[in-house]
Amino acid sequence: MNNYEFCVPTDIRFGKDQIECLDKEIKKYGKKILMVYGGGSIKRTGLYDKVYEVLKGFKIYELPGIEPNPKLSSVRKGAEMCKKYGIDVVLAIGGGSCIDASKHIACAAFYDKDPWDLVLDKKKVTKALPIFTVLTICATGSEMNPGAVISNEDTKEKLEINHPLLYPRLSVCDPTYLFTLPKRQTAAGTADIISHIFEQYFQPNDGAYITDRLSEAALKTCFKYGPIAIKEPQNYEARSNLMWTSSIALNHLLTFGKGGAWSVHPIEHELSAFYDITHGVGLAILTPAWMRYVLNSETVKRFAMFARNVWDLDRSDDYEAAIAGISLTEHFFIELGLPGTLSEIGIDDSKFELMASEAVRTSGLSTRAYVKLDTEDVVQIYRNCL
Ligand code: NZQ
Ligand code: ZN
């Protein structure tokens with residue numbers, strides 16, 4: 001097992017009515033809150049009113065309108081508000097987009113120049129406001145990790161800023177807040193959770209047996225409860241299992257003792273940067289194509305292990321098992337109601353070269369990925385998704 005550092009300082013408050021803790025916990029840091037939220041779902045669901053009820057004694061400044069695939073312009077606005085009003089705490093109410101924007105705002109509040117500099121060079125992050133989150137969609141794991149993915153609408157770049165100062169101090173994870181999620185968001189979120197697990201599972205093992213078994217349990221949980229959550233949106237057991245799986249899928253637990261660069265995420269981030277598509281939708285389309293592309297004599301054992309341990313396939317031939325496991329995974333995404341090709345979401349081949357070279361340039365795809373991929377490989381994977 002590789003040497004590994006594991007420190008997750010986020011306080012998770014999981015379950016019904018945990019939001020009540022915010023008053024006591026935020027008070028420790030001050031009275032002025034920047035409340036960051038999205039396009040209005042929290043008003044429709046009643047959560048907005050609940051937050052005001054719980055945080056009666058605080059001065060709340062609002063930054064609404066955070067876009068899915070949060071934009072740099074929103075971060076600039078939030079950072080300005082923090083400086084102008086002397087904000088003590090940034091409170092994200094929503095999903096990965098609101099939480100990621102909040103993380104970037106929290107560190108940009110202490111930076112005098114343009115916040116994009118912090119994405120390009122994390123050494124410039126020196127301080128951050130405390131970040132609290134109330135999660136309303138489970139997908140990214142942002143509620144329990146130090147990463148934030150921000151889109152620069154001018155340059156069409158979608159890049160990650162990752163810094164230990166950006167761990168949320170506390171995240172409220174109440175599965176009942178997921179009851180109102182539309183089917184499409186539940187499906188895309190489930191695909192994102194699954195992809196996070198794959199990105200860490202499909203890496204050389206280096207003896208990290210425990211990490212692989214935990215990953216398989218997390219994958220089985222998604223395959224079991226994703227369809228139930230879509231059919232029965234108010235099924236607490238399904239929502240709660242998916243919610244906790246999303247947090248552990250990307251809090252570094254499932255990469256413990258392993259390593260390597262991710263593969264499908266950098267390829268997808270180009271799609272959402274150029275076409276503003278839903279992250280999980282892009283991942284669901286790309287994942288089976290990536291799997292088939294990297295299946296070879298060196299990787300087949302791991303793909304066969306996935307098929308046997310997660311899909312319970314009993315084929316003795318490794319290639320047959322691997323191919324069947326990939327097909328079941330593809331079928332699963334389609335059964336969730338997700339599109340299976342790029343053509344279905346209106347994407348043609350006109351930007352494949354540009355996106356592929358950006359994906360390779362901005363990631364470890366060609367140097368540290370499970371199977372190293374260069375620009376031509378990535379173009380071919382995009383083509384195979386048409
Ligand atoms: O904006 P509102 O009106 O709130 O609607 C949102 C949004 O349209 C809606 N929604 C959320 N909770 C709801 C709800 N609708 C009804 N009821 C509820 N309870 O769902 C839509 C999607 O929300 P968003 O926050 O964009 O989803 P998600 O959590 O999937 O976040 C996606 C973003 O996170 C990045 C993605 O690239 C993308 O930009 N990622 C962040 C990561 C991280 N920080 O670690 C890792 C991921 O791999 C990912 O890249
Ligand atoms: Zn993701």
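This is a short tour of the two ligand sites in a predicted model.

Start with ligand 1 and select the residues around it. There are 31 of them, and Gly39, Ser41, Gly96, Ser97 and Lys158 come nearest. Colour this shell by residue type: 19 residues are polar, nine nonpolar and three charged.

Next, show the polar contacts of ligand 1. The side chain of asparagine 69 places an N or O atom 3.3 Å from an oxygen atom of the ligand. At tyrosine 177 the contact is with the backbone, where an N or O atom lies 2.9 Å from a nitrogen atom of ligand 1. Histidine 196 has a polar side-chain atom 2.8 Å from a ligand oxygen atom. On its own, ligand 1 has 960 Å² of accessible area, and the protein covers 89% of that.

Switch to a cartoon view. Helix 5 (96–108), strand 6 (147–152), helix 7 (183–201) and helix 10 (264–275) each give two or more residues to the shell around ligand 1. Then colour by domain: ligand 1 lies between domain 1 (11–177) and domain 2 (181–384), because both give residues to its shell.

Now select ligand 2, the zinc ion. Its protein donors are Asp192 (OD) and the NE2 atoms of His196, His265 and His279, at 2.0 to 2.2 Å from the ion. Along the chain, these donors follow the spacing D-x3-H-x68-H-x13-H. Histidine 265 belongs to helix 10 and histidine 279 to helix 11 (residues 279–294), so this pair ties together parts 14 residues apart in sequence. Histidine 265 and histidine 279 are both buried.

Finish on histidine 196, which appears at both stops: its side chain has a polar atom 2.8 Å from an oxygen atom of ligand 1, and its NE2 is a donor of the zinc ion.

Conventions: Residues numbered from 1 in each chain as written. Chains lettered and ligands numbered in written order. Predicted model: local features only at pLDDT ≥ 70, side-chain atom pairs only at ≥ 80, totals over all residues. Heavy atoms only, no water. Near = heavy atom within 4 Å. Polar contact = N/O pair within 3.5 Å; in protein donor to acceptor, adjacent residues only side chain to side chain. Areas by Shrake-Rupley, 256 points an atom, 1.4 Å probe, with all protein chains shown as cover. Helix = DSSP H or I, 4+ residues; strand = E, 2+ residues; numbered from the N terminus. Nonpolar A, V, L, I, M, F, W, Y, C, P; charged D, E, K, R; others polar. Domains from an automatic or database assignment. Donors = N, O, S within 2.8 Å, 3.2 Å for Na, K, Ca; no water. Buried < 20%, exposed > 50% of the residue type's maximum accessible area, 1.4 Å probe, protein only.
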